[in-house]
Amino acid sequence: MPNDMQVDGGGSSDLQQQWKNVSNHLRVEIGEASYQSWLRPMNVLSFSDGVITISVPTRFMRDWASAHYQERLTELWYKENVTVERIDLVVHSAPTKEGNKNLQKDSGQKNMAAGPSQLNNDIGAPLDGRFSFEQFVVGKPNEFAYAAARRVAEADSVPFNPLFLYGGVGLGKTHLMHAIAWHIQANQPERTVIYLSAEKFMYRFITALREQNTVDFKSQFRSVDVLMIDDVQFIAGKDSTQEEFFHTFNALVDQGRQIVISADKSPSDLEGMEERLVSRLNCGLVADIHATTYELRLGILQSKAHKLGAQVPANVLEFLAHKITANVRELEGALNRVVAHSQLVGREITMETTQDVLRDLLRANDRRVTIEEIQKQVASHFNVRISDMHSARRARSVARPRQVAMYLAKQLTTRSLPEIGRKFGGRDHTTVMHAVRKVEELREHEPTFNEDVELLRRILEG
Ligand code: ADP
Ligand code: MG
C-alpha cells in the first residue's frame, strides 16, 4: 500500500498548498472567467480517509462544479497527493450581509420607479422597440396569449398572477412581454416594470451571492410593480436560483404585484422544476402560443412587407408562408433578405429572385429530403416495391402509396409539380396535383391514414 496517511493528514497548510497547485493548474485549463466563477469561491475544508472536502456557497454551484470539474480536480489532486481518492463538494454558504437582516427592506426603493429609463436600469434588460402590440399580428394560434397579455397591460390592478406564456421558439413570447412593458410604460409611467431573462436573473443572483450582496438583490427585485422573467425553463434544475425565484415570486404576489413569465413548455411539463413552484406557476393564467398556421404566417408577412414599404408580390408571400414554417423569426428573416436584396440590386421582387436569394434557407427547410428518399420510405412503409413508385400500375394497393409519396414530395421539398411528376415515372403535373388533393382529403376523413402520413412526414423530416 502507498504512503502512510500522515504526510497529508498533516498540516492544513499542506492542504492549502496542494489546493493552490491544483487550482492554478485548472485555472490554466479552464480560463480566467470560469476560474473566477467556479473555483475561486471554493473553500477546502478538510482531508481525511482519502477524501478532500470542499465547500461551495450554493447548491447550484455544487451541481455545476461536480458536473464539470470534479473529475479533473480529483485527477489533478491525485498528482499532488496519491492518497487522495475522492473529492466531496458540500454546500456551505458563507456568512453574508444578510446578518443584519432586511432592516431596510422595501424602504426607499420606490424611487427606482423613475419613468421610461426605468426599463433600462441595471437590473432589467432593454426593450426592443419593434415589439409592441401594434406590431403583433393576431391569429388563431396566438389569440388567447395576446388577449391575456393585453389584459395585463391594460389593467391597473392585477387580473391574474402570474401570467404564464408558453410556446416554441420564435413564436412571439418575448414580443408579447415587451409589448406589455411598453404599454404600461406609456400609460402608467408610475409603475415600475422590470423585464429580464431567467438567465440574467440567475446570473445576477449568483453574482450577488459571490459579492455577498443578496440584500440589495432581493430588495431590488421585490420593489417592482411588474416583474417579467423570460425563458424560465433556463432555471429548471438550478436549485438555488429556483429557490430565490420562488421567494421573490411569493413576496411580489403577496404584495399584489404583477408577474409575467414565459417558458418553452407548460409549468407542469417543465422538467426539474420544484413541485411547489410549478403549482404556484399554475395558479394564475397559463396561455400557450401554438405553432403558426399558414394563415397566420401569411398575415405576418403581409404586415411586415407593408411596414417595410416593399412591393412584394402576393405569390411570393404565399410561397414563403408555405415553405418557411419553423417559426416567425425565420419567416421574418427570409422576408428581410428578399426585400434587402431587391433594394440593393434595384430590381423588383419575383419568385425567381426569391428562390435565388433564399436558396440555402429553403434547402435547410427541406431538410435535404430528396424525392428518392421519400419514395424509399413510403414504399417500405406500405410494403410495396420502389419500382412501383415509377410504374404505371393503377391498383389501389400501389396507387395510394404513390400518391402519398407525391404528396410528401410536394410538402417536404421545393420541387415543382412537373418536376415531381417526372420523378414518378414521367407523370403529368395534373396527376401530382390530383394526388396532393386526394391525400389532403383522406387525411381529413381517415384518422388512421392521417396518422400514417404524419408518421412518415416526421420520419422524413427527422
Ligand atoms: P420567442 O420569444 O417566442 O422565441 P420572439 O418573441 O422573439 O419569439 O419572436 C420572434 C420574432 O418573430 C420577433 O421578431 C417577433 O417580433 C416576431 N413575431 C413573432 N410572433 C409575431 C406575431 N404574431 N406578429 C408579428 N411578429 C411576430
Ligand atoms: Mg424569447
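This section describes strand 7 and its neighbours, the surroundings of ligand 1, and the position of Ala198 in a predicted model.

Strand 7 comprises residues 258–263, and six of its six residues are buried. The side chains fall into two sets: Gln258, Val260 and Ser262 point one way from the strand, whereas Ile259, Ile261 and Ala263 point the other way. Burial applies to both sets, in keeping with the description of strand 7 as mostly covered.

Strand 7 pairs with strand 4 and with strand 6. Strand 4, formed by residues 163–167, runs parallel to strand 7 and is joined to it by four bridges. Within this pairing, Leu165 is found opposite Ser262 of strand 7. Strand 6, formed by residues 226–230, is likewise parallel to strand 7, and four bridges connect the two. Here Leu227 has Ile259 as its bridge partner in strand 7. The connection between strands 6 and 7 passes through helix 10, which spans residues 239–254. The resulting β-α-β crossover is right-handed.

Ligand 1 is surrounded by 18 residues, of which Val137, Gly170, Thr174, His175 and Glu332 come nearest. Three helices, namely helix 7 (173–187), helix 12 (294–308) and helix 14 (328–345), each contribute at least two residues to the shell. Classified by residue type, the shell contains seven nonpolar, seven polar and four charged residues.

Contacts to oxygen atoms of ligand 1 involve both side chains and backbone. A polar side-chain atom of His175 is placed 2.6 Å from an oxygen atom of the ligand, and a polar side-chain atom of Thr174 is placed 2.7 Å from a ligand oxygen atom. For Leu171, a backbone N or O atom lies at 3.2 Å from an oxygen atom of ligand 1. On its own, ligand 1 has 550 Å² of accessible area, and the protein covers 94% of this area.

A further site concerns Ala198, which belongs to helix 8, a helix that extends over residues 198–210. Ala198 is classed as buried because its relative accessibility is 0%, and the cut-off for this class is under 20%. In sequence, Ala198 and Phe234 are separated by 36 residues. In space, the C-alpha atoms of Ala198 and Phe234 are 6.2 Å apart.

Definitions and conventions:
Residues numbered from 1 in each chain as written. Chains lettered and ligands numbered in written order. Predicted model: local features only at pLDDT ≥ 70, side-chain atom pairs only at ≥ 80, totals over all residues. Heavy atoms only, no water. Buried < 20%, exposed > 50% of the residue type's maximum accessible area, 1.4 Å probe, protein only. Pairing = 2+ DSSP bridges. Right-handed = clockwise from strand over helix to strand, strands pointing away. Near = heavy atom within 4 Å. Polar contact = N/O pair within 3.5 Å; in protein donor to acceptor, adjacent residues only side chain to side chain. Areas by Shrake-Rupley, 256 points an atom, 1.4 Å probe, with all protein chains shown as cover. Nonpolar A, V, L, I, M, F, W, Y, C, P; charged D, E, K, R; others polar.
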